[in-house]
Amino acid sequence: MSSSEKKHAAWVDVVAGGCGGALAKSLLSPFQRIVVLQQLGQHKSYSIRKLAQHIYHQDGLKGFWRGNLTSMVIRVPYSGIQFLLYSQCKFVLQDWLDSRRKQRAAEHAADTDGSEKSVMESRNVELIEKFILKCGAGGISATVAGAAVYPGEVVRLRLMSGEKEFTGIAHTCRLVYRETNSLRNFYRGLGASLMQRVPDILVSFATYETIKYAVLDSPNPPFFKDNFTARNLLATILGGSAAAIASILVAFPLDVAKRRIGMSGKSTDKVVYKGVADCLGKIYAKEGIRGWYSGSFVEAVRCVPQVILMWIFIESIQKHLSPYAAVGAEDSKAEEKK
């Protein structure tokens, strides 16, 4: 494992992941509200400014945070579970990879000449292996956590749609249930959600950590060579920015499909979508590829600082809570000796 990557207690990862993700998302919730309205396609002729005015005239300033409480009810457990699973999977896979790497090194020790070219090739291979490993950990964690909290996502989307009938969490839950008199509607669009969320988290986490630790642990850093704190902040900004843009390019069309399927038959145009492929096909036929990325500019404006802030919050919380975890571990060992 890279020298700067540290393993933390499970409860530290849960708290850091849950609170870090929730804080960053809440701060930039107004941008998310505008993105959702653009994705739903109900106000195609509205500019970003006009959409903001529409939200303000409809609900006042609190309208920009409409659905945020529901989002936090979902976001805190989701981010906590997802980050814990990601961290645990990452270190398990890394331990396996390290043992394989040592075995390979021992088998081919005589074949390596120790030249600069050989060292560079070895580092490049290691970087690619770590990226693939982190993709796997991100995919597993996003799938499990996403399925666990999806019903809350359905309720949040209805609240954020702006439809007058959806007025509160409990009332919206009753309306969603009454549509089919079963729990089926709470999982409507789960496939689309996982198809969007898994690549999103997979690409975002793998890109962030691969770039961050490549910059942070470079043997010859181009900037802040003697200032680790400044280099760490720079690495976080570079990694977070790249992760946000990569996740938008890969997963944004699927996010549009997820939201439109979630409002299938309920939006102003009353269009019903049969699935992800059908949804994306109808959007493309009517709006072109721009429809797939409807709201992506505002999403980038929101997502880049959100991802950077999320990782700053997560790593700060980990740093401040880790000493308490160490004290707790020592107390447990002392009790066992007694």
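This is a short walk through one protein chain, from its overall make-up to its pocket, its cavities and a few single residues.

Let me say at the outset that we are looking at a predicted model, and that what I describe should be heard in that light. Taken as a whole, the protein has 11 helices and 0 strands, so that reading along the sequence gives the pattern α-α-α-α-α-α-α-α-α-α-α. Of its 338 residues, 47% count as buried. As for how the chain meets itself, if we take the contacts between residues at least 6 apart in sequence, then 79% of them join residues at least 24 apart.

There is one annotation to bring in here. The UniProt record, which is an unreviewed entry, marks residues 233–254 as "transmembrane region". In the model, that stretch is 100% helix and 0% strand, and the C-alpha atoms at its two ends are 31 Å apart. The label comes from the record, whereas the helix content and the end-to-end distance are computed from the model.

Let me turn to the open space. The largest pocket holds about 760 Å³, and its lining is made up of 28 residues, with Ser4, Lys212, Asn232, Glu315 and Lys319 lying nearest the centre. Four elements give two or more residues to that lining, namely α4 (68–107), α7 (190–216), α8 (228–262) and α11 (296–337). Which of the elements gives the most to the lining of the largest pocket? That is α11, with 9 residues. In chemical character, the residues lining the largest pocket divide into 9 nonpolar, 10 polar and 9 charged. The lining of this pocket also takes at least three residues from domain 1 (66–109 + 120–187) and at least three from domain 2 (191–326).

Now to the enclosed space. The structure holds 4 cavities of 30 Å³ or more, and the largest cavity contains about 590 Å³ of space. This largest cavity is lined by 34 residues, and those closest to its centre are Lys25, Arg75, Asp200, Ile201 and Gln306. Which elements each supply at least two residues of the lining of the largest cavity? They are α1 (10–27), α2 (29–40), α4, α5 (116–160), α7, α8 and α11. The lining residues of the largest cavity split into 13 nonpolar, 10 polar and 11 charged. As with the pocket, which draws at least three residues from each of domain 1 and domain 2, the largest cavity has at least three lining residues from each of domain 1 (66–109 + 120–187) and domain 2 (191–326).

I would like to finish with four single residues, beginning with a pair that touch one another. Leucine 159 is found in helix α5, while threonine 172 lies in helix α6, which runs over residues 169–178. Is leucine 159 buried or exposed? Leucine 159 counts as buried because its relative accessible area is 6%, under the 20% cut-off. Threonine 172 is likewise buried, since its relative accessible area is 0%. Setting aside residues up to four places away in sequence, leucine 159 touches Arg66, Gly67, Thr70, Phe166, Thr167, Gly168, Ile169 and Thr172. With the same neighbours left out, threonine 172 touches Val155, Arg158, Leu159, Phe166 and Thr167. Among the partners of leucine 159 is Arg66, and although leucine 159 and arginine 66 are 93 residues apart along the chain, their C-alpha atoms are separated by 6.9 Å.

The other two residues fall in the partly exposed class. Alanine 52, in helix α3 (residues 48–59), counts as partly exposed because its relative accessibility is 22%, and the class lies between 20% and 50%. Leaving aside neighbours within four places in sequence, alanine 52 is in contact with Ile34 and Phe64. The C-alpha atoms of alanine 52 and phenylalanine 31, which are 21 residues apart along the chain, are separated by 9.1 Å.

Tyrosine 284, finally, lies in helix α9 (residues 276–287). Tyrosine 284 counts as partly exposed, because its relative accessibility is 48%. Not counting residues up to four places away in sequence, tyrosine 284 touches Ile289 and Trp292.

Terms used
Residues numbered from 1 in each chain as written. Predicted model: local features only at pLDDT ≥ 70, side-chain atom pairs only at ≥ 80, totals over all residues. Heavy atoms only, no water. Buried < 20%, exposed > 50% of the residue type's maximum accessible area, 1.4 Å probe, protein only. Contact = heavy atoms within 4.5 Å. UniProt positions renumbered as here; feature names shortened; annotations may be inferred. 1 Å grid on protein atoms, 1.4 Å probe; cavity = no way out; pocket = protein on both sides within 12 Å on 5 of 7 lines; lining within 4 Å. Points joined across faces, edges and corners; volume = space filled by probe spheres on them. Nonpolar A, V, L, I, M, F, W, Y, C, P; charged D, E, K, R; others polar. Domains from an automatic or database assignment.
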